Amino acid sequence: MDIKAVILAAGKGTRMKSETTPKVLHEIMGKTLLGYVLDNVKNFVSEEFVIVGHHAQEVEKFVKDNYTSAKTVLQSPQLGTGHAVSMVCPQLENFDGLVLILCGDTPLVTEKTLKEFVEFHKSNNSDLTVMSTIFENPTNYGRIIREDDGTLKCIVEEKDATSEQKAVKEVNAGIYCLNWNKIKSAFGQLKSNNAQGEYYLTDIISWGKAQNLNVNAYILEDSDEIYGINSRQNLATATKIMNKRNLEKYMTEGVTIVDPDSTWISVDTEIGQDTIIYPSTYIEGKNKIGKNCKIGPCAHLRGEVEVCDNVKVGNFVEVKKSKISSNTNVGHLSYIGDAELGERVNIGAGTITANYNPLTKIKSKTVLKDDVKIGSNSVLVAPVTLEEGSNVGAGGIITKDIPSWALAITRSPLKILEDWVKRQG
Ligand code: UD1
Ligand code: CA
């Protein structure tokens, strides 16, 4: 059966207290919240609709630039989660399949869970399934209210709940699977007579029950997965959960993480066996690190970094959008950006690729072919190419291409003035 995803991303995110960034574009280790949600569905749905509203242009641009198959749909004004879904009704008028609804602020849910959720929906012949979980502290989430016989009754939002309902620990994850043909008419019938004056998506549960449809809840064991981000505190907690999960995976695959408490590695980083990640290393965005590498302590990989096998990226080294080929060392205090480093290259301490011209705002590339050696404290002013085996003396400022096997020195000759100090007195 065809599945389409609807991702709610139009809300203001008031509790994030951000002037500049819409909630769903806040990041966890170099990747936006919305990016996580889109990545989780892109492999098994035929089309994604992202509902945008607050800061719509920025969210639209993000989707367009990064997820070409996804479409954006404008919700203006934003009158609640139910109203948000109703915005796709025209696009899905003749659709006869499943619609998976997700929130753009719930990035920890996994693709595996979402697939199991859809399977549960199908195998129960469900018309409408909502994902729920048990939270010891359910504050702020919608509560799942059940009949005496345990079947679903409705969802009540925190702000509308009685104190008895507030004591319920089963909460709404904000993830739903709908047989679209059976549920779509609900969206013209939702009411906004609640504490927030909004059209709540959660009301489709009681609507479905009233229509005698088959409405079910899928209870997720790992409650961390549905942790929603509404505040900066939530963002920090989610980052920790995500990181712990990533580090566990790397260690299981044969990567040494010396100090998991001070190491941060993004989900889109691949790491080969027997690589050692030393403490206080921060790796964000998409990266590929080979086997038998040593990274850190205190290294910063900023994304789009490819590190081949047997490479050392040492302390206080920052790398961005670069390839470092095998058996190359970048040992200490260096910046490697927009660069390509060949095999067996040695980068002396304090080497900088000057990749950015702040006047033209243009970034340029630095290319170091195999066996290049750079003396300490050198600046490689891009665009520049150092051909195979060329060497740069310490303190070099390299503004021109260097031919193969040549030595480039830019420092002024050393002068020694005998007894100069004594003569001063
Ligand atoms: C919502 C659910 C709640 C659930 C929780 C799970 C409703 C009414 N409540 O509450 O039951 O426990 O998620 O995390 O659905 N959005 C729009 N347009 C709008 C309003 C919101 O697109 O007009 C988007 C937001 O950008 C966000 C998502 O919908 O991504 C959820 O909205 P939010 O305000 O965060 O709802 P919660 O209060 O968390
Ligand atoms: Ca939320």
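Which residue in β24 stands opposite Lys-312? In this predicted model, the residue that stands opposite Lys-312 is Asn-329 of β24, and the sections below place that pair within its sheet before turning to the other sheet, the loops and the ligand.

## The nine-strand sheet

Nine strands make up an open sheet whose order is β12-β15-β18-β21-β24-β27-β32-β35-β37, and the pairing in this sheet is parallel. At its edges stand β12 (256–257) and β37 (407–408), and because each of these has a single partner strand, one side of each is left without a neighbour in the sheet.

Strand β21 (residues 312–315) runs parallel to strand β24 (residues 329–332), to which three bridges join it. Strand β24 is in turn joined by two bridges to strand β27 (residues 346–347), again in a parallel arrangement, and here Asn-329 stands opposite Asn-346 of β27. Asn-329 of β24 can therefore be followed in both directions, since Lys-312 stands opposite Asn-329 and Asn-329 stands opposite Asn-346.Elsewhere in the sheet, strand β15 (residues 276–277) and strand β18 (residues 294–295) pair in the parallel sense over two bridges, with Lys-294 of β18 as the bridge partner of Ile-276.

## The seven-strand sheet

A further open sheet is formed by seven strands in the order β14-β17-β20-β23-β26-β31-β34, with parallel pairing. Its edges are held by β14 (269–271) and β34 (384–386), each of which has a single partner strand, so one side of each is left without a neighbour in the sheet.

Within this order, strand β23 (residues 323–324) pairs with strand β26 (residues 339–341) in the parallel sense over two bridges, and Ile-324 stands opposite Leu-341 in β26.

## Backbone geometry in the loops

Most residues other than glycine have a negative phi, and most peptide bonds are trans. Against that background, a cis peptide bond joins Gly-296 and Pro-297, with omega about 0 degrees, and Pro-297 is found in the loop between β18 and β19 (300–301). A cis peptide bond also joins Ala-382 and Pro-383, where omega is about 0 degrees; Pro-383 has its place in the loop between β33 (379–381) and β34.

Ser-280 has a phi near 60 degrees, which is a positive value in a residue other than glycine, and its place is in the loop between β15 and β16 (282–283).

## The ligand site

The space taken by ligand 1 is the largest pocket. The elements that give two or more residues to the shell around ligand 1 are β1 (3–9), α3 (81–86) and β10 (170–179). There are 23 residues around ligand 1, of which Gln-75, Gly-80, Thr-81, Glu-157 and Asn-172 come nearest, and the residues of the shell divide into nine nonpolar, 10 polar and four charged.

Oxygen atoms of ligand 1 have polar partners in both backbone and side chain: a backbone N or O atom of Gly-80 lies 2.8 Å from a ligand oxygen, a polar side-chain atom of Lys-23 lies 3.3 Å from an oxygen atom of the ligand, and a backbone N or O atom of Asn-172 lies 2.6 Å from an oxygen atom of ligand 1. Taken alone, ligand 1 exposes 760 Å², and the protein buries 90% of that area.

How values were computed. Residues numbered from 1 in each chain as written. Chains lettered and ligands numbered in written order. Predicted model: local features only at pLDDT ≥ 70, side-chain atom pairs only at ≥ 80, totals over all residues. Heavy atoms only, no water. Near = heavy atom within 4 Å. Polar contact = N/O pair within 3.5 Å; in protein donor to acceptor, adjacent residues only side chain to side chain. Areas by Shrake-Rupley, 256 points an atom, 1.4 Å probe, with all protein chains shown as cover. 1 Å grid on protein atoms, 1.4 Å probe; cavity = no way out; pocket = protein on both sides within 12 Å on 5 of 7 lines; lining within 4 Å. Sits in = over half its atoms within 2 Å of the grid points. Helix = DSSP H or I, 4+ residues; strand = E, 2+ residues; numbered from the N terminus. Nonpolar A, V, L, I, M, F, W, Y, C, P; charged D, E, K, R; others polar. Pairing = 2+ DSSP bridges.
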